[in-house]
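Biologist: Please take one part of this model and look at it closely for me, namely the place where the two domains meet and the ligands that sit with the protein. I would like one connected account that I can follow with the structure open.

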Amino acid sequence: MTSEQREFKHFINGLFVGSASGRSFDNVNPVDGTVIGRIHEAGRAEVDAAVAAARAALRGPWGRMTVQQRTELLYKVADEITRRFDDFLAAEVADTGKPVSLASHIDIPRGAANFKVFADVIKNVPTETFEMATPDGGEALNYALRVPRGVIGVICPWNLPLLLMTWKVGPALASGNTVVVKPSEETPATATLLGEVMNAVGVPPGVYNVVHGLGPDSAGAFLTAHPDVDGITFTGETRTGEAIMAAAAKGLRPVSFELGGKNAGLVFADADFDAAVDGVSRAAFANCGQVCLGTERVYVERPIFDKFVAALKARAENLKPGAPQEAGTGIGPLISQEHRRKVLSYYDKARAEGAKVVTGGGVPDMPEALQAGSWIQPTIWTGLPETASVVREEIFGPCCHIAPFDTEDEVIRLANDTPYGLCTTLWTRDLGRAHRVARQIEVGLCWINSWFLRDLRTAFGGSKQSGIGREGGVHSLEFYTELRNVCIKYL
Ligand code: NAD
Ligand code: 6OD
């Protein structure tokens, strides 16, 4: 990537534009702490311009396209992401520091797939039709038209930047909306690159817009409070969701929220032991623990508790921290020094609250060239009460607390004792138990003998404070479209 490409401008109405205020901030590589770019910070002027462009595009050629024409364009978007796979990979890895092996298998392919999946969904979704009798003895036909909601504000986090952004932009555009995306301030690159893709394949100007900046008093807040935004879809922290919901209340704009979690992994003594260790290890440590679906609370049935703790410890200690491109790198850095300070504060709290530190608990020794990166050790604790802060609060780092349990009822109660409700993983060979427990766990997603395995046509979202609404397959259309009832009287 050239140095010029690492000046991140906004993408508004098909053009890359800087901020009128001249304000910008650093783009930092979490691997070694170097500044690798400048990010323009949008003020109200840029947000206004992006929303105006999105509104105009709705009324322009985009709004007049047939579903067939729109979906053909989205297929081209997916193909162009795939053609520029290496550019997207380099951009994502530079921003996040995640291992190339991870980004090349998950983030970039899913970024492309999200456009194809939702193009197919929108082509195949039926709407209802009813014939009705009329009071004068005649008949009328009622049918539903599925229409786009309008201009959608898309606010994204930094942990899976392209994947989570396209997970929203894909269905939004497939449904005929236009979007203004506010990527995380930590990860501007792939959203910007997607602007080039949109232009290359002929998506009309104004359909896809990007404004960079921070949250409060910056691009995020300006966008979510903008009166001409018709709906807001957001992935991020629960507390940020509260602020966005307050902003959306003015003008009664609907929201779709994917929020935080404190997910439990339940390991029964009859589980396939190696599969459970492997699954919990991935759920706790993949992407350096920065996955909303990750497991930070593990409950293991007492007869296999000690053996499980030892096996997970071995897995954690086997994860080699290293540069993203190095073969054998098992874990990357956290996204930033600021996030590392937060995670390390929980490592301190765990000790202060009396945890036994099974492994980790600090910062790894790194070669000199990488010492300014935000590296952290995968960490396992045992011995804490359920009231401890690291057992209750989302940390979003490569860490988990493991506690023993004795009965099915007990572990269901423990798993549900949280204000969050995103997901659970359940490890057992007993099919009856699997169904029984899945029914009683208060979450949006329950994995049995697996993790992060999902058909994109299925519903995704969280219960309780982990989200509002569901996205995925046709479920996304509940937010991105409205049904207009048309009633025509036969004459
Ligand atoms: P965050 O809430 O700090 O930031 C997310 C986005 O919101 C960023 O773009 C940020 O600039 C913006 N923002 C912040 N304050 C805002 C405001 N007042 N108004 C408008 N926009 C604002 O989250 P993060 O740190 O980027 O991501 C980590 C969090 O995201 C974790 O809590 C994690 O669980 C959650 N997450 C959830 C899911 C899910 O599917 N449920 C997926 C990924 C991440
Ligand atoms: O796979 C998905 O569609 C999805 N929304 C994953 C979320 C991961 C959270 O970090």
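**Ligands and the domain contact**

Modeller: A good place to begin is ligand 1, where an oxygen atom of the ligand is 2.9 Å from a polar backbone atom of E237. Please keep in mind throughout that this is a predicted model. Two side chains also reach ligand 1 through polar atoms: that of W158 has such an atom 2.9 Å from an oxygen atom of the ligand, and that of E258 has one 3.2 Å from an oxygen atom of the ligand. Ligand 1 has 31 residues around it, and of these C156, K182, E185, L259 and E394 come nearest.

Turning to ligand 2, you will meet E258 again, since the residues around this ligand include E258 together with R110, N159, L160, L164 and W167. Also around ligand 2 are V291, C292, L293, F452, R454 and F460. Oxygen atoms of ligand 2 take part in several short polar approaches: a polar side-chain atom of R454 lies 2.6 Å from one, a backbone N or O atom of C292 lies 2.8 Å from one, and a polar side-chain atom of R110 lies 2.9 Å from one.

To place these residues in the fold, it helps to have the domain assignment, which gives the chain a domain 1 made of two segments, 7-259 and 466-489, and a domain 2 that covers 263-454. Domain 1 brings 24 residues to the contact, while domain 2 brings 28. Measured by neither eye nor experiment but computed from the model, the C-alpha centres of the two domains lie 31 Å apart.

The area buried between domain 1 and domain 2 is about 2,100 Å², and carbon and sulfur atoms give 60% of it. On the side of domain 1, the residues that lose the most area to domain 2 are V31, W158 and S466, which together make up 27% of what that side buries; W158 is thus a residue you have already met, with its polar side-chain atom 2.9 Å from an oxygen atom of ligand 1.

As for polar links across this interface, eight residue pairs are in polar contact, whereas the count of salt bridges between the two domains is zero. The helices α4 (85-96) and α5 (100-124) each supply at least two residues of the side of domain 1 that touches domain 2, and that side divides into ten nonpolar, seven polar and seven charged residues.

Salt bridges do occur in the model, where the count comes to 30. One of them joins K489 to D136, with the closest N and O atoms 2.7 Å apart. This pair links distant parts of the chain, 353 residues apart, with K489 in strand β23 (residues 481-489) and D136 in the loop between β6 (129-133) and β7 (139-148).

Conventions. Residues numbered from 1 in each chain as written. Chains lettered and ligands numbered in written order. Predicted model: local features only at pLDDT ≥ 70, side-chain atom pairs only at ≥ 80, totals over all residues. Heavy atoms only, no water. Domains from an automatic or database assignment. Contact = heavy atoms within 4.5 Å. Buried area = accessible area lost by both parts, 1.4 Å probe. Salt bridge = Lys/Arg side-chain N within 4 Å of Asp/Glu carboxyl O. Polar contact = N/O pair within 3.5 Å; in protein donor to acceptor, adjacent residues only side chain to side chain. Helix = DSSP H or I, 4+ residues; strand = E, 2+ residues; numbered from the N terminus. Nonpolar A, V, L, I, M, F, W, Y, C, P; charged D, E, K, R; others polar. Near = heavy atom within 4 Å.
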